[in-house]
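User: I would like to learn how to read strands, salt bridges, buried charges and backbone angles in a model. Could you take me through them one at a time?

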Amino acid sequence: MANCIRALCNSDVKEGYIFGKDVSLPETYVRNPQKPLRDLGGKPPSKRSILAFFAGNMHGYLRPILLQHWENKDPDMKILGNMPKVKGKMDYIQHMKSSKYCLCPRGYEVNSPRVVEAIFYECVPVIISDNFVPPFFEVLNWESFAVFVSEKDIPNLKNILLSIPQKRYLQLQLRVKKVQQHFLWHPKKPQKYDVFHMILHSVWYNRVFQTKHG
């Protein structure tokens with residue numbers, strides 16, 4: 001174990017993730033293996049009427065805190081538990097496509113498939129997960145397309161998001177669209193700079209890094 005590179009979805013610094021040695025993998029929920037890119041994209045920024053959106057199971061200690069502060073408290077903050085499927089009503093994906101910010105609170109582990117889902121639907125990810133090392137951080141500047149909020153700042157979430165100027169939001173959203181290619185799975189064979197190549201690059205990068213400093 002001392003000499004191997006671990007590729008982890010649960011890239012948690014508190015659980016022994018080692019910078020410069022281990023690799024952080026994106027956690028991806030593939031809804032349709034034959035057509036993984038089917039629902040890609042989302043509404044343009046001017047048509048995104050919801051400020052922040054979250055729906056999901058109450059895994060871990062953090063999500064109940066999020067709901068306690070924000071469920072049914074504010075029309076701009078669409079924060080829900082499990083989302084029932086109702087015919088004629090907007091579903092989970094449509095909500096992501098219609099939101100400016102998509103909240104990605106940790107579950108049992110620091111990572112969440114919502115981070116990649118937000119990028120798929122061109123919604124700026126808001127990562128609420130202390131000690132989380134985002135995927136491909138060696139190459140991607142996460143601060144340029146995502147917002148990081150401390151777990152303790154959940155009560156102040158709306159103010160934090162509203163304090164981001166519109167110009168800054170538009171930059172973040174545009175960069176989400178630019179980095180999207182790095183998180184895509186292709187059904188037949190990998191394509192240049194997609195998630196398959198990014199994972200290989202992370203492993204290669206950390207191997208070279210170790211060789212230089214070993």
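Analyst: The turns below take up each feature in general and then in this structure. This is a predicted model, in which local features need pLDDT of at least 70 and side-chain atom pairs count only at pLDDT 80 or more, while totals for chains, interfaces and linings use all residues. Residues are numbered from 1 along each chain as its sequence is written, and side-chain values use heavy atoms, with hydrogens and water left out.

User: How should I read a strand, and which strands does β3 pair with?

Analyst: In a regular strand the side chains alternate between the two faces of the sheet. Helices (H or I, at least four residues) and strands (E, at least two) are DSSP runs numbered from the N terminus, and two strands pair if DSSP finds at least two bridges between them. Here β3 runs parallel to β5, with three bridges joining them, and Ala-52 stands opposite Tyr-101 of β5. Three bridges also join β3 to β4 (residues 77–79), again in parallel, and Phe-53 has Lys-78 of β4 as its bridge partner. Between β3 and β4 the chain passes through helix α1 (residues 62–70) in a right-handed β-α-β crossover (with the strands pointing away from the viewer, the path from the first strand over the helix to the second runs clockwise).

User: Is strand β3 enclosed or open?

Analyst: Buried means under 20% relative accessible area, exposed over 50%, and partly exposed in between, with a 1.4 Å probe and protein chains only. Five of the five residues of β3 (residues 50–54) are buried, so the strand is largely enclosed by the rest of the structure.

User: How do I recognise a salt bridge, and how many does the structure hold?

Analyst: Side chains of opposite charge can pair when their charged atoms come close. The criterion is a side-chain nitrogen of Lys or Arg within 4 Å of a carboxyl oxygen of Asp or Glu, and the structure holds six such salt bridges. In one of them, Arg-6 pairs with Asp-22, the closest N and O atoms being 3.1 Å apart. Arg-6 lies in the segment before β1 (7–8) and Asp-22 in the loop between β1 and β2 (23–24), so the pair ties together parts that are 16 residues apart in sequence. Arg-6 is partly exposed at 23% relative accessibility, whereas Asp-22 is buried at 0%. Another salt bridge joins Lys-158 to Asp-74 at 2.8 Å, N to O; because Lys-158 lies in helix α4 (residues 157–162) and Asp-74 in the loop between α1 and β4, this pair ties together parts 84 residues apart in sequence. Both Lys-158 and Asp-74 are buried.

User: What surrounds the buried Arg-106, which has no salt bridge?

Analyst: For charge, Lys and Arg count as positive and Asp and Glu as negative, with His and the chain ends not counted. Arg-106, in the loop between β5 (99–105) and α3 (114–120), has Asp-12 as its nearest side chain of opposite charge, 4.3 Å away. A polar atom of the Arg-106 side chain lies 3.1 Å from the backbone oxygen of Tyr-108. Not counting residues up to four places away in sequence, Arg-106 touches residues including Asp-12, His-59, Tyr-61 and Glu-151 (contact means heavy atoms within 4.5 Å).

User: What is the value of phi at Asn-131 and at Phe-136?

Analyst: Most residues other than glycine have a negative phi. Phi is positive at Asn-131, near 75°, and at Phe-136, near 55°. Asn-131 is found in the loop between β6 (124–128) and β7 (147–148), and Phe-136 also lies in the loop between β6 and β7. Asn-131 is partly exposed at 31% relative accessible area, while Phe-136 is buried at 1%.

Terms used: A polar contact is a pair of N or O atoms within 3.5 Å; within protein, one must be able to donate a hydrogen and the other to accept it, and residues adjacent in sequence count only if both atoms are side-chain atoms.
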